[in-house]
Amino acid sequence: METAPSIRELFRGFFIIGMSGFGGALPHARSLIVDRRGWMTQAEFAEMLGLCQILPGPNMVNLAVVIGRRFQGAPGAVVAFIGLLAVPIVVVITLGLAYRTADLSPAVRGAMAGVAAAAAGLMLGTGLRIASPAARRPAQLAIVVLAFVLLAVLHLPLITVLAIAIPASLVAQRIDPA
Amino acid sequence: MILLGELAVRFTVLSMLAVGGGATVLPDMQRMAAAEGWVDPVTFASFYALTQCAPGPNILVVTLIGLKVAGIPGALAASAGMLVPSSILAYGAASGWARFRDSAWQRMTAAALMPVVGGLVVAAGTLLAEAAARGWLSIVITASVAGASVLTRVNPLWLLLTAAGLGAVAL
């Protein structure tokens, strides 16, 4: 089932993820790595993402480094980092230079609003897929709900959410072991 | 040169505080950029919207701040400060994590992280949806894209393109 990508495939994969990352790159990363290329299982992807979330730094960049390293060591980490970021940085700089004079038409503004709405939907779908194994386990489902409420309803800083939800999840595991 | 060094160092410090991801330091970043007289809060918000509509991770908002402060060298210095040291740290941590593969505490930690990560990503999607909502059509777009991405393995790019087309004519 799992097929370890070569250096070239890592570069190509993260290049595609970077170039697709409108409204956030994470949904594209999960779709490509788990669904379309089968580099790793859903569970392994969630584990790597969890590791990247407790580490400082942008999650998606950390994820590229960690997944690149997992398959091809240091060279893999470097090509995944460059593949993800090199062209988007050039595009963002170009947009930034153009933006000073740009006057956006209503149709462009509408398209941007449509993309923002869809990007939110992609992020929701990605979260639901990652959370789905918890649906059959009440103690785990409670942790999904807890993390959601702390961040989306109470608007606590993410570091506070992690400091509450991870210990709570360890306790939940004691109560309801797999 | 001093300014470029300052950009790199200030964004490195910020990246080390970004436990949980880049989004966690956005409020701090906005405050720092305003306090230094680099970028005012309104411009900051428009920069962030611009990176959302551009390819790549949204953390590239730092590239735009650097660009505004010191041109292209500034853009590169700010990006390197934000992205390189935290990546080196992630590499080291992943090596450590791999060394303890299949130890009992690691399996426990990984299993405990999964529902937390799931809840956090759903929450992030909800916050994005709140920010993007402007009437019933945008809510329908968000909900149908979420449904399609859970139920199918369609490339998300097609969903974004369809939504861009719908938005151009109807939003």
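A contact here means heavy atoms within 4.5 Å. Keep that cut-off in mind, and remember that you are looking at a predicted model.

**Stop 1: chain A as a whole**

Start by selecting chain A and switching to cartoon. You'll find seven helices and zero strands, so the pattern along the sequence reads α-α-α-α-α-α-α. Line the view up with the principal axes and the C-alpha trace spans about 60 × 40 × 25 Å. Now think about the contact map: among contacts in chain A with a separation of 6 or more, 54% come from residues 24 or more positions apart.

Turn on the surface next. Chain A shows about 7,300 Å² of accessible surface, and 70% of that belongs to carbon and sulfur atoms. Of the 178 residues, 56% count as buried. For the electrostatics-minded, colour by charge: there are 13 positive and 7 negative charges in chain A, and their mean positions sit 3 Å apart.

**Stop 2: a nonpolar patch on chain A**

Select Phe11(A), Phe15(A), Val78(A) and Ile82(A) and show them as sticks. Together they make a nonpolar patch on the surface, with about 320 Å² of accessible area. Two elements, α1 (7–20) and α4 (59–99) of chain A, each give two or more residues to this nonpolar patch.

Click on Val78(A), which sits in helix α4 of chain A. Is Val78(A) buried or exposed? Neither label fits: its relative accessible area is 47%, so Val78(A) counts as partly exposed, the class between under 20% and over 50%.

**Stop 3: a cluster of arginines**

Stay on chain A and pick Arg8(A), Arg12(A), Arg36(A) and Arg37(A). These four gather in a patch of positive charge on the surface. Zoom in on Arg8(A), found in helix α1 of chain A. With a relative accessible area of 66%, Arg8(A) is exposed, because anything over 50% falls in that class.

**Stop 4: the covered helix α2(A)**

Next, select residues 26–36 of chain A. That's helix α2, and it is mostly covered, with ten of its eleven residues buried. Which residues are buried in α2(A)? The list includes nonpolar names such as Leu26(A), Leu32(A), Ile33(A) and Val34(A), but also His28(A), Arg30(A), Ser31(A) and Asp35(A).

To see what does the covering, show the partners. Within chain A, the buried residues of α2(A) pack against α1, α3 (42–54), α4 and α5 (106–131). Bring chain B into view as well, since α5 (104–132) and α7 (156–170) of chain B also pack against those buried residues. Just past the helix, click on Gly38(A): this residue follows α2(A) and has a positive phi, near 65 degrees.

**Stop 5: chain B as a whole**

Now hide chain A for a moment and look at chain B. It has seven helices and zero strands, running α-α-α-α-α-α-α from the N terminus on. Its C-alpha trace spans about 50 × 50 × 25 Å along the principal axes. Buried residues make up 47% of the 171 in this chain. On the contact map of chain B, 49% of the contacts between residues at least 6 apart in sequence join residues at least 24 apart.

The accessible surface of chain B comes to about 7,400 Å², with 72% of it on carbon and sulfur atoms. Charge-wise, chain B has 8 positive and 6 negative charges, and their mean positions are 11 Å apart.

**Stop 6: two threonines in chain B**

Select Thr51(B), in helix α3 (residues 41–52) of chain B. At 1% relative accessibility, Thr51(B) counts as buried. What is Thr51(B) in contact with, leaving aside its neighbours within four places in sequence? The partners are Asn58(B), Leu60(B), Val61(B) and Leu64(B).

Then jump to Thr142(B), in helix α6 (residues 136–151) of chain B. Thr142(B) is also buried, at a relative accessible area of 7%. Bring chain A back for this one: setting aside residues up to four places away in sequence, Thr142(B) touches Ala117(A), Ala120(A), Gly121(A) and Leu124(A), along with Ala129(B).

Finish with a distance label. Draw it C-alpha to C-alpha from Thr142(B) to Val169(B): the two are 27 residues apart in sequence and 17 Å apart in space.

Terms used:
Residues are numbered from 1 along each chain as its sequence is written. Chains are lettered from A and ligands numbered from 1 in the order in which they are written. This is a predicted model: local features need pLDDT of at least 70, side-chain atom pairs count only at pLDDT 80 or more; totals for chains, interfaces and linings use all residues. Side-chain values use heavy atoms; hydrogens and water are left out. Helices (H or I, at least four residues) and strands (E, at least two) are DSSP runs, numbered from the N terminus. Buried means under 20% relative accessible area, exposed over 50%, partly exposed in between (1.4 Å probe, protein chains only). Accessible areas come from the Shrake-Rupley method with a 1.4 Å probe; for residues, only the protein chains shown count as cover. Lys and Arg count as positive and Asp and Glu as negative; His and the chain ends are not counted. The place of a charge is taken as NZ of Lys, CZ of Arg, CG of Asp or CD of Glu. Patches are made of residues with over 30% relative accessible area and no salt bridge: like charges are joined within 9 Å, nonpolar side chains (Val, Leu, Ile, Met, Phe, Trp, Tyr) within 5 Å. A salt bridge is a side-chain nitrogen of Lys or Arg within 4 Å of a carboxyl oxygen of Asp or Glu.
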